[in-house]
Amino acid sequence: MGGAVGQVRQPTALRAFAVLFSAGFRRYATYRRATLAGAFTNTVFGYVRAAVLTTAITGATVGAAVSATATGGGSSAGSGTVAGYTAGQAVTYAWISQGLIASVMLFAWNELALRVRTGDIAVDLARPVDLQWSWLAGDLGRATYLLLPRGGPPVLVGALTTGLLLPHTAWPYLLGGLSTVLAVVVSFAGRFLVNLAAFWLTEVRGLVGAYAGIGAIFGGLLIPLSWFPDWLRVIAWSTPFPAMLQVPVDVLTARVDGATAVRLVVVQLLWATTMLAAGRVMLRLATRKLVVQGG
Amino acid sequence: MGDAHAYRVIMASRLRSQLAYPTSFAFDVVNQLVYGLIEFIELYAVFHNVDSLAGLGWSQALLVMALSRLAFQTGDLFVGHLDQMPAYLRQGTLETFLIRPLPVLAQVITSDISLRRVSRIVLFGGFTALALARLELTWTPAAVVLLLAALLGGSLITAAMFITAGTAQFWLIEGGEAANAFTYGGAYVAQFPAGVLPVGVRVFYTAVLPVTFIGYLPTVTLLGLADPLVPSWFGWLTLPVGLTFLTLSLAAWQFGVRHYQGGGG
């Protein structure tokens with residue numbers, strides 16, 4: 001069969017990707033109330049974070065930021081700026097990052113590790129579609145579904161309560177959209193790597209949890225990275241985590257623009273390819289070790 | 001009592017099982033410490049840029065954070081796994097508890113006391129000590145009593161939050177994760193000076209979900225700080241508030257268990 005297989009492989013992989021993408025999308029679409037509950041929690045955390053940042057910057061509570069934002073939060077000069085953020089920009093950051101968090105999945109994720117532990121991974125490996133490719137497709141489907149129902153409510157509440165400072169041109173949204181997709185891919189590549197540790201460890205709950213915790217602080221979820229002291233900021237930016245959240249938020253809100261924004265997206269692309277490649281190497285090592293019991 | 005013996009046996013077996021896999025346990029401890037450290041870093045990053053947050057300086061705000069987290073983690077150690085109630089209800093675990101001749105809540109509590117959570121208690125104990133050392137306050141008997149009452153009361157408030165949220169699951173079943181917004185969201189609010197909140201929101205987090213009593217109000221009383229909205233003795237109320245909230249939550253739990261129709265097993 002030789003050559004013929006090589007020719008049909010490409011369209012098959014793409015079709016499999018489309019099917020698995022849509023399966024990931026529909027799978028999450030069935031948990032309506034859980035999605036709503038998650039959006040509510042994201043909104044509460046977004047509000048508290050917006051309140052803390054506003055008070056730190058203006059000395060006033062977040063209620064007062066509404067007027068500050070309305071009357072010209074755009075001007076960044078003067079005493080109303082902390083680490084490059086006006087109150088209006090800081091609340092925007094808090095809401096947009098809460099809006100992206102579910103899609104980007106900066107939480108503990110151990111689905112793949114559970115399949116390794118139960119041995120179901122053997123079934124996955126026996127399938128004609130590449131393991132990493134199929135999980136990536138499903139994860140992008142998941143992220144696409146969650147973007148609106150999980151991201152919409154916090155952003156909407158933010159717009160209504162504190163106001164948002166969003167760019168008025170199309171370019172930040174276009175580049176930001178690409179940056180968000182890449183953020184999901186980098187995040188997936190990282191979670192894939194951590195989950196593969198299940199081939200060597202019996203229980204990865206602690207590892208997966210610690211990874212998510214480090215991601216939350218270095219990804220810029222808890223506080224924008226520019227607020228860090230220099231030494232900590234250097235450490236944070238040398239990890240892939242900023243590429244999962246800080247970068248897409250900065251690009252979407254036009255905190256960075258022009259060549260800087262493009263450069264950040266290219267760095268995301270580099271992280272994505274490097275980490276996906278590392279995942280493939282690790283998967284090869286893991287499968288060499290895999291012993292399937294029974295049969 | 002035979003009951004006490006039963007709990008001891010259950011607890012001992014649960015604790016032993018957690019140490020059966022030392023590597024996994026070590027990772028769990030690291031995980032707990034990471035989460036403790038990132039909360040410290042979050043606050044530290046704020047104070048790296050500003051000198052005060054809602055009128056409190058670094059050491060004062062650190063005390064609010066450390067005290068609230070210490071109380072929260074202590075409460076969480078005993079009842080934190082009530083956030084698994086949706087799973088207990090879906091999988092019928094609760095039915096197993098219901099047919100045993102011991103109170104359901106006591107069984108749920110003893111079913112999953114996590115040793116790994118102790119590491120975070122130790123960490124926040126350290127942060128509390130650090131904040132207190134930096135503040136150089138004069139140790140009077142009243143200060144010691146206030147601090148201990150705040151820790152106990154704060155743990156009770158936390159326990160009451162988890163029990164109330166767990167009770168709500170009897171009716172919510174699916175979508176019960178919304179309770180996280182009140183338990184973990186409440187704990188998050190508790191770790192900041194209450195002055196960051198607009199008045200209306202602050203009233204909610206004081207009178208309805210009384211989380212400002214966990215860290216902030218005792219700190220105001222202990223350090224003699226001025227807050228325009230509350231009298232300085234309010235910090236003494238943490239323990240009574242905790243006891244009241246816990247009593248109410250236990251009554252609600254009893255009502256929930258009595259009206260529970262089963263998961264259809």
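This report covers the fold of chain A and two alanines with unusual backbone angles. The model is predicted.

**Chain A**

Chain A holds 12 helices and two strands. Its element order, read from the N terminus, is α-α-α-β-β-α-α-α-α-α-α-α-α-α. The two strands thus sit in a run that opens with three α elements. The chain has 295 residues, and 52% of them are buried. Take the contacts in chain A with a separation of 6 or more: 80% of these join residues 24 or more positions apart. The exposed surface of chain A comes to about 13,100 Å². Carbon and sulfur atoms supply 68% of that area.

**Two alanines with positive phi**

Most residues other than glycine have a negative phi. Which sign does phi take at Ala254(A)? It is positive, at about 60°. Ala54(B) also has a positive phi, of about 50°. Neither residue is a glycine.

Where do they lie in their chains? Ala254(A) is in the loop that links helix H11 (246-252) to helix H12 (258-289) of chain A. Ala54(B) is in the loop between helix H2 (22-49) and helix H3 (58-79) of chain B.

Are they buried or exposed? Ala254(A) is partly exposed, because its relative accessible area of 27% falls between the 20% and 50% cut-offs. Ala54(B) is partly exposed too, with a relative accessible area of 25%.

| Residue | Phi | Relative accessible area |
|---|---|---|
| Ala254(A) | about 60° | 27% |
| Ala54(B) | about 50° | 25% |

Note on methods. Residues are numbered from 1 along each chain as its sequence is written. Chains are lettered from A and ligands numbered from 1 in the order in which they are written. This is a predicted model: local features need pLDDT of at least 70, side-chain atom pairs count only at pLDDT 80 or more; totals for chains, interfaces and linings use all residues. Side-chain values use heavy atoms; hydrogens and water are left out. Helices (H or I, at least four residues) and strands (E, at least two) are DSSP runs, numbered from the N terminus. Buried means under 20% relative accessible area, exposed over 50%, partly exposed in between (1.4 Å probe, protein chains only). Contact means heavy atoms within 4.5 Å. Accessible areas come from the Shrake-Rupley method with a 1.4 Å probe; for residues, only the protein chains shown count as cover.
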